[in-house]
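Here is a short report on selected features of a protein model. It covers strands, loops and surface patches in turn.

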Amino acid sequence: MAEENVIETRGLRKVFRDFWRRPTVEAVKDLDMAVARGGVFGLLGPNGSGKSTTIKMLLGLLRPTSGDVRVLGKQPSDTAVKARIGYMPEVSHLHHFLTPRETLMYYASLFGMRRSEAVRRTAELLHMVDLGHAADRAVGSFSKGMARRVGLAQALINAPELLILDEPTSGLDPIGCREVKDLLRTLAAGGVSILMTSHLLADVEDVCDRVAILDCGVLQAEGRIAELLRLPDEVRFVVSGIDEDVAAELRSEIEQRVGRAVRQEFPSMSLEAFFLRTVAQERVGKVFETAPFLRESIGGQVQKGNTGS
Amino acid sequence: MICMLRQAGRRSAVCVRRVTGVALLAARAALRSKAVVAMLTALVAGSVLLPAVVKGDGTPEGELQILLSYTLGFSFAILCLTTMWAACALFAAEIDRSLLQMSVVKPVRPFDLWLGKWCALLVLDVLCLAAAYGSAYAQVRWRIARDAWDELERPTCRHVTRPVLPPPEVEAREVYEELRSHDALPKDMSEQAVLRVLEERAADKYDVINPGGSAAWRFDLLHPVGYAERVTVRIKFDTEFSTREHVTGVCRLRSLERPEAFVDVELNDFTLNEIEFIVDTRAFGIAEEESLRGFELVFRHTGDPGSAAGIMLRFRQDVALLTPGGTFVANLLRSAIVHGSVLALLAAFGLTLSACFSYPVAAFVATVMLVLTMVGNSVARVASEDDSQNFVHKAGVRISRAVQFATSRAMRAEPLASLTRGERIENRVVAESVLWNGVTLPLVFAVMGGWILRRRELGDPT
């Protein structure tokens with residue numbers, strides 16, 4: 001396994017069987033995939049494409065039918081590997097009778113953390129995911145978005161080296177989405193390797209450096225996102241502050257030069273950007289002030305206000 | 001070396017923190033569930049209301065019987081069922097709701113998860129048991145004060161010594177050899193089956209003492225009795241015609257160390273089927289620093305051979321010498337320890353089932369096993385697989401016998417029966433129960449449970 005890869009699979013296959021051991025579905029077929037250290041890697045695919053199954057095999061929750069999985073250079077079942085991983089599942093599986101504080105304290109105890117350390121990290125993470133006000137309310141009464149925040153906080157309790165996130169932004173409001181995406185970019189900039197799946201392709205585009213696309217358990221495409229999305233024959237100029245007459249002149253000039261018709265567009269901002277600018281500009285970026293231990297764990301590279309993506 | 005020790009210490013501390021975390025989670029789950037509130041209500045009802053509702057026979061002995069057997073028996077039964085079903089739910093419910101996968105992706109071993117949950121159940125059980133026993137004891141003290149029970153009526157704790165007799169298996173072998181020499185062995189039964197039946201019969205065998213006849217038994221005390229201590233003789237019996245038949249007789253208790261010293265007790269006009277009388281060791285003329293270790297008891301039936309009935313008794317079970325065995329409170333504590341160890345075993349069993357099956361299946365299997373354990377003994381006693389060639393009958397008997405064999409050691413101690421009869425629960429019995437039920441079997445179940453959890457795929461198919 002190459003030293004720079006945090007995840008590597010070779011010929012990975014998973015066949016689900018029924019009670020009588022008869023094969024029912026082959027969810028992952030001969031998957032060869034490598035995730036390099038640092039950056040955000042997106043695993044995409046339609047429903048039933050094998051994304052979650054792959055992630056569960058990476059976490060040791062499912063055993064591969066054949067093939068090899070290496071996570072941080074070792075078998076996923078190795079407890080030393082598990083100590084360096086953070087995981088947030090697609091659905092926030094939380095004990096309904098616990099409060100967020102108790103939930104985080106519980107997961108901190110599974111990492112063998114001292115109580116004082118666990119208390120400090122719990123407080124910081126609760127503040128970071130904006131649940132300080134609901135820290136002592138039972139999780140069972142939370143909305144889906146609040147539960148997702150608790151799920152994210154528990155994934156970060158050990159300041160992980162590798163973060164595996166299944167649909168991290170599902171169920172979150174636009175502000176929450178943006179905060180999570182900003183957090184992921186910041187963590188990645190600090191050296192945390194992130195593997196995420198998402199159906200929200202705009203989110204993936206915002207956050208990921210590299211993506212792999214799975215369909216029917218087979219790897220269909222993989223590469224840097226900028227390279228995969230580039231349209232080789234097209235060039236776009238973006239100019240601000242010119243009137244329509246000047247624009248028409250420039251257009252006809254270019255048409256004469258290239259000998260083909262030129263399409264003229266007036267770009268608009270995304271709805272997300274508009275919403276954030278209108279409603280919550282002052283709130284974005286606040287998250288990075290709240291979890292110093294994460295900043296420490298990634299070498300102090302998290303910069304306040306590093307919110308743009 | 002020091003470095004290695006420090007490292008080991010750090011690892012142990014981390015392990016303890018993990019187990020404690022899991023235990024706290026399980027305890028919170030229990031304390032915040034409605035089922036536990038219902039169980040606590042039932043416990044309170046059983047401990048406080050039941051003895052008030054159920055009427056005794058008016059004697060202090062009857063009151064004590066009800067207080068101890070009803071209160072503690074009911075509480076223990078509730079705790080057994082609750083512990084087992086709660087244990088069956090702990091892993092199964094977490095697996096069902098995909099909660100366990102959130103824990104197993106953290107650096108925690110399945111064994112630690114198992115141990116944490118077991119410890120939580122054990123602590124809760126110990127607290128409930130302490131409350132039940134505390135309540136029973138408080139009620140006993142209250143009744144003693146309210147009804148001004150005599151010294152002799154108060155609950156006691158006594159060593160029980162049975163007569164020195166050859167073990168049932170030796171007697172069974174002798175009878176077997178005799179039957180074989182007369183060619184009188186049953187043709188369709190194996191040697192093992194015949195011996196088992198003979199052994200059971202030897203243990204339960206009734207001997208008859210007819211009017212004018214007598215029987216003698218020798219007792220070797222494990223714990224000698226000292227100066228001015230009381231020795232109680234107890235003989236239970238049935239009569240040939242009815243249990244209320246008039247019986248007369250003389251009991252002679254002789255010290256083996258001082259054969260010249262004996263006490264005769266005349267028994268006349270008693271119609272109950274139990275004789276109990278107390279002899280002070282000063283009656284044997286011993287000095288203050290002396291103690292007595294061996295006794296001989298002779299019962300002579302003085303009834304009229306023409307009209308009185310003979311008495312029937314099982315020498316191994318019905319004749320006993322009772323000597324002082326410590327305080328009632330200590331006996332109560334020993335009973336609680338035995339009950340605690342049984343609960344520890346049930347928790348371990350339920351947890352391991354819970355790691356294997358879904359909650360309904362685990363709870364069903366656990367309940368069936370519990371019922372089989374309770375009835376297995378009687379089925380194994382009354383039925384023999386050689387009685388019938390019917391496959392179903394044979395299979396049922398064999399299953400009952402297997403369950404009885406597997407659980408007989410775990411269920412051997414009967415602390416409540418001893419407690420209500422004022423018999424000391426011997427330290428050997430307590431130690432065996434703790435080691436077997438509280439340590440060895442839970443350890444076996446822990447290894448099994450850990451192995452199953454490691455082998456199981458905990459991520460649901462997606």
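## Strands in chain A

Strand β5(A) spans residues 85–88, and its side chains split two ways: Ile85(A) and Tyr87(A) point to one side, Gly86(A) and Met88(A) to the other, and all are buried. Buried means under 20% relative accessible area, exposed means over 50%, and partly exposed lies in between (1.4 Å probe, protein chains only). In a regular strand the side chains alternate between the two faces of the sheet.

This is a predicted model: local features need pLDDT of at least 70, side-chain atom pairs count only at pLDDT 80 or more, and totals for chains, interfaces and linings use all residues. Residues are numbered from 1 along each chain as its sequence is written, chains are lettered from A and ligands numbered from 1 in the order in which they are written, and side-chain values use heavy atoms, with hydrogens and water left out.

Strand β5(A) runs parallel to β6(A), residues 162–166, and four bridges join them. Met88(A) has Leu165(A) as its bridge partner in β6(A). Strands and helices are DSSP runs numbered from the N terminus (strands E, at least two residues; helices H or I, at least four). Two strands pair if DSSP finds at least two bridges between them.

β1(A) and β2(A) pair in the antiparallel sense, over nine bridges. Asn5(A) is bridged to Ala36(A) in β2(A). Thr9(A) also lies in β1(A). Thr9(A) counts as buried because its relative accessible area is 3%. In sequence, Thr9(A) and Ala34(A) are 25 residues apart; in space, their C-alpha atoms are 6.5 Å apart.

## Positive phi in two loops

Most residues other than glycine have a negative phi. Two residues with a positive phi are set out here.

| Residue | Phi | Place | Relative accessibility |
|---|---|---|---|
| Arg21(A) | near 70° | loop between β1 (5–17) and β2 (23–36) of chain A | 59%, exposed |
| Ser98(B) | about 60° | loop between α3 (60–96) and α4 (100–104) of chain B | 7%, buried |

Arg21(A) belongs to the hairpin of β1(A) and β2(A), which has five residues between the strands.

## Surface patches on chain A

Which residues gather in a patch of negative charge on the surface? They are Asp243(A), Glu244(A), Asp245(A) and Glu249(A). Patches are made of residues with over 30% relative accessible area and no salt bridge; like charges are joined within 9 Å, and nonpolar side chains (Val, Leu, Ile, Met, Phe, Trp, Tyr) within 5 Å. A salt bridge is a side-chain nitrogen of Lys or Arg within 4 Å of a carboxyl oxygen of Asp or Glu. Asp245(A) sits in helix α9(A), residues 244–258. Asp245(A) counts as exposed because its relative accessibility is 57%.

A nonpolar surface patch is formed by Val235(A), Phe237(A), Val239(A), Ile242(A), Val246(A), Leu250(A), Ile254(A) and Val258(A), with about 710 Å² of accessible area together. Accessible areas come from the Shrake-Rupley method with a 1.4 Å probe. Val235(A) lies in the loop between α8 (225–229) and α9 of chain A. Its relative accessibility is 70%, so Val235(A) counts as exposed.

## Chain B overall

Chain B has 13 helices and eleven strands. Of its 462 residues, 45% are buried. The C-alpha atoms of chain B fill a box of roughly 90 × 60 × 55 Å, taken along the principal axes.

Note on methods
Lys and Arg count as positive and Asp and Glu as negative; His and the chain ends are not counted. The place of a charge is taken as NZ of Lys, CZ of Arg, CG of Asp or CD of Glu.
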